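Me: Please take a close look at one part of this model, the surroundings of the ligand, and then place the rest of what can be said around it. Plain prose will do.

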Amino acid sequence: MTDRRSIGVGRARACANIALAKYWGKSDETLNLPAVPSLSITLDALVTETTVTLEAGGEDGEDVVLFDQKSRDGEDKSRAVELLDRVRAIAGDDRRARVETVNHFPTASGLASSASGFAALATAAARAYGVDASLEQLSAWARRSSASAARSLYGGFVELAAGLVGDDSLAASVVAPAEHWDVCVVIALASLARKKTSSRDGMIETAKTSPYYPSWVACAPAYFREVRDGVLARDLEKVGTAMEASTFAMHASALAARPAVRYYAAATATLLDCVEALRGDGVTAYSTMDAGPHVKVLCMRSDAERVRDALIATGAAVDVRVARPGPGVQ
Ligand code: DP6
């Protein structure tokens, strides 16, 4: 018997994002709801492209998940399959899928590949299974897979509120479009190695064992408000100082876990020193780090070249890229 359903294909392209006010910790692990509000910039230079193809009559067997043409198993695959399962349940279509993802930047090294990856996958899967989902719904599905991914559905400056236990509809929303502010993020890669502790494991361990975790959760909303007000006012000093406070408070809470959750490398410290020295020379530039050793520097576009050259001159970075506020999922 031939399968009369369409051969579904969905394609999507999403950019990664960098949090200016950090998400670290969950209020509901099952629904993957963040314990604190966060705010990010979607970045044009870090792009993931995903294609989801459904095979007619493909109910049997397994989904195939390829990252940069290599087959993936383990957690990377199971998290993709979980998202596909949720879309299949809504579509009432249990065909298996072939997922092909291409990342145009190094993955799993703290460069937020899960954010662009799940944003692109949610969108491509909805298309392939013929589900007419709004951006808000796609953002909520992506959040279930990776909370930072909820923000990558949208372009520009994007916020994700803290989640109320049980609220599976939580989605991100736009604070200001990409054209709002002429800033850049200069990304200095400290290493190309895959990170040892994923952000998911790192934040769960921090919440379980760090005596500083409750303080982090108590302080984070104030950093978020300061960043949000600063973004709306295009006040780089306000955003930069609040972003650094959010970053170091997040990392301090992680460092106090047992055993310590440490993402810093020697190169990280050299790159942070460089940004401080630039500030000493009158360049308005501020650092942030996520769950990896890389340093990302927020500055005005007019200073981006100078910041990039200074980071390269340290010799501590394996690669330096300049990103600008980018678009939402396409
Ligand atoms: C440090 O979104 O990767 O980059 O929801 O468990 O998948 P899960 O975590 P994830 O965490 C990102 C943490 C961060 C800060 C941020 O992006 O806000």
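The reply starts at the ligand and then moves to a helix and several single residues.

Reply: This is a predicted model, in which local features need pLDDT of at least 70 and side-chain atom pairs count only at pLDDT 80 or more, while totals for chains, interfaces and linings use all residues. Residues are numbered from 1 along each chain as its sequence is written, and side-chain values use heavy atoms, with hydrogens and water left out.

The ligand is surrounded by 19 residues (each with a heavy atom within 4 Å of it). The closest are Tyr23, Lys26, Ser146, Ser148 and Arg151. By class, this shell has seven nonpolar, six polar and six charged residues; Ala, Val, Leu, Ile, Met, Phe, Trp, Tyr, Cys and Pro count as nonpolar, Asp, Glu, Lys and Arg as charged, and the others, Gly among them, as polar. Helix H4 (residues 199–209) gives the most to the shell, with three residues. Helices here are DSSP runs of H or I with at least four residues, strands are runs of E with at least two, and both are numbered from the N terminus.

Three serines make polar contacts (pairs of N or O atoms within 3.5 Å) with oxygen atoms of the ligand. The distance from a polar side-chain atom to a ligand oxygen is 2.7 Å for Ser146, 2.6 Å for Ser148 and 2.8 Å for Ser199. Taken alone the ligand exposes 460 Å², and the protein buries 95% of that (Shrake-Rupley areas, 1.4 Å probe).

Next comes helix H8 (residues 304–313), whose buried residues are Ala304, Val307 and Leu311. Buried means under 20% relative accessible area, exposed over 50%, and partly exposed in between (1.4 Å probe, protein chains only). Seen down the axis of H8, these buried residues fall within an arc of 65° (taken from the directions from the axis to the C-beta atoms), so they line one face of the helix. They pack against helix H7 (266–280) and the strands S10 (183–189), S11 (285–288), S12 (295–300) and S13 (319–323), contact being heavy atoms within 4.5 Å. The face turned away from the buried side carries the exposed residues Glu305 and Ala313. After H8 comes Gly315, with a positive phi near 75°.

In helix H6 (residues 236–255) sits Glu244, which counts as buried because its relative accessibility is 14%. Leaving aside neighbours within four places in sequence, Glu244 is in contact with Arg279, Tyr286 and Ser287. The loop between H6 and H7 holds Pro259, and the peptide bond from Arg258 to Pro259 is cis, with omega near -5°.

Most residues other than glycine have a negative phi, and most peptide bonds are trans. Asn32 has a positive phi of about 55° although it is not a glycine; it lies in the loop between strands S2 (26–28) and S3 (33–34). At 2% relative accessibility, Asn32 is buried. Arg234 has a positive phi of about 50° and lies in the loop between helix H5 (213–232) and H6. With a relative accessible area of 49%, Arg234 is partly exposed.

Finally, Ala171 is in the loop between strands S8 (157–160) and S9 (173–176), and counts as buried at 16% relative accessibility. Not counting residues up to four places away in sequence, Ala171 touches Glu136, Ser139, Ala140 and Leu160. Ala171 and Trp141 are 30 residues apart in sequence and 8.3 Å apart in space, C-alpha to C-alpha.

Notes. Polar contact = N/O pair within 3.5 Å; in protein donor to acceptor, adjacent residues only side chain to side chain.
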